[in-house]
Amino acid sequence: MLEKSAIPFHEIIEILVDEYEEEGWWPHESRFEIMLGAILVQRTKWANVEKALDSLKKITSLDPRSILSLERHDLENAIRPSGFFMQKSERILSLSSLLSERFNSDSKKLFDLGVGSAREILMDLNGIGPETADTMLLYAGDKPVFIIDSYALRIYKRVSGSRSIPSIKHMQKCFIGPRKITAGLSRHIHSAVVTHCQRTCKTRPSCTSCMINRYCEEAKK
DNA sequence: GGCCAGGCACAGC
DNA sequence: GCTGTGCATGGC
């Protein structure tokens, strides 16, 4: 009976993907900027991340060495709007040191090691967990990685009416369906899931206006 | 003024 | 292994 599911998840995801374009919702100018954004956005809204990135752009050239040359106080002040500024400045310095020392500040070299190795190296850094690592792999490394975040989990739980936490493999199977995972598909699914959860399937959901409510246990309540 | 936001680490069961 | 908690700011 384990992980048996009659819910047509990939049909649901198809609807969301059709509804929400992947309109460059993660703006960036470099791989490193994406990686910084992935740290800065932890438990924070993107609007606040933009403030932090804008401030950083004014005082650095947004590359690892330039970040490392900052006074700690200036780094903290720049990223203050994104919250948790002491933790996040520590995490940003760890990442910058890693890239500077082991990859000559070229993050592409890290991703060229492949998904498995790159993920392991990133997760060894304090403050980079599975979601942040996978976000970096997908958006900065252009790797075909499926991101499980709290939004994907929310949709899974509400649609299925299940309280238990499914395995990552199971969720991936549900969301991707029979298709082959590509970076492009994964980005599109991830952005659609996030957008849907921000606009409709919020902490307190607006089920009456939801385009997938006919599939959803939560909406039947 | 309370609640929430693209997590993670760490302590205590 | 799982659950609770601290981390901090900004916007509704």
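Let's start at the DNA. Strand C is surrounded by N48, K51, R80, P81, G83, F84, F85, M86 and Q87, where near means a heavy atom of the residue within 4 Å of the strand. This is a predicted model, where local features need pLDDT of at least 70, side-chain atom pairs count only at pLDDT 80 or more, and totals for chains, interfaces and linings use all residues. Residues are numbered from 1 along each chain as written, chains are lettered from A and ligands numbered from 1 in written order, and side-chain values use heavy atoms, without hydrogens or water.

What does the protein touch on strand C? Of the strand atoms within 4 Å of the protein, 63% belong to sugar or phosphate, and the rest to bases.

Now the polar pairs. K51 puts a polar side-chain atom 2.7 Å from a phosphate oxygen of strand C. For R80, a side-chain N or O atom is 3.1 Å from a phosphate oxygen of the strand. Q87 goes to a base: its side-chain N or O atom is 3.2 Å from a base oxygen. Two elements give two or more residues to this surface, α3 (46–59) and α6 (85–103). The largest share, three residues, comes from α6. Helices here are DSSP runs of H or I, at least four residues, numbered from the N terminus.

By class, the surface near strand C has four nonpolar, three polar and two charged residues. Nonpolar is Ala, Val, Leu, Ile, Met, Phe, Trp, Tyr, Cys and Pro; charged is Asp, Glu, Lys and Arg; the others, Gly among them, are polar.

Next, a helix pair. The axes of α10 (150–160) and α11 (168–176) come within 12 Å and cross at roughly 75°. Axes are lines fitted to C-alpha atoms, for helices over the stretch in contact, with angles from 0 to 180 degrees between N-to-C directions. The two helices are therefore roughly perpendicular, a label for 65 to 115 degrees.

Which residues meet? A152, L153, I155 and Y156 in α10 meet H170, M171, C174 and F175 in α11. That contact has seven nonpolar residues, one polar and no charged.

In α10, A152, I155, Y156, R158, V159 and S160 are buried, meaning under 20% relative accessible area with a 1.4 Å probe, protein chains only. They pack against α1 (9–19), α11 and α12. After α10 comes G161, with a positive phi near 70°.

Last, R187, in α12 (183–199). Buried or exposed? R187 is buried, at 19% relative accessible area. Beyond four places in sequence, R187 contacts E22, W25, L138, Y139 and D142, with contact meaning heavy atoms within 4.5 Å.

Definitions and conventions: Parallel < 35°, antiparallel > 145°, perpendicular 65-115°, else oblique. Buried < 20%, exposed > 50% of the residue type's maximum accessible area, 1.4 Å probe, protein only. Polar contact = N/O pair within 3.5 Å; in protein donor to acceptor, adjacent residues only side chain to side chain.
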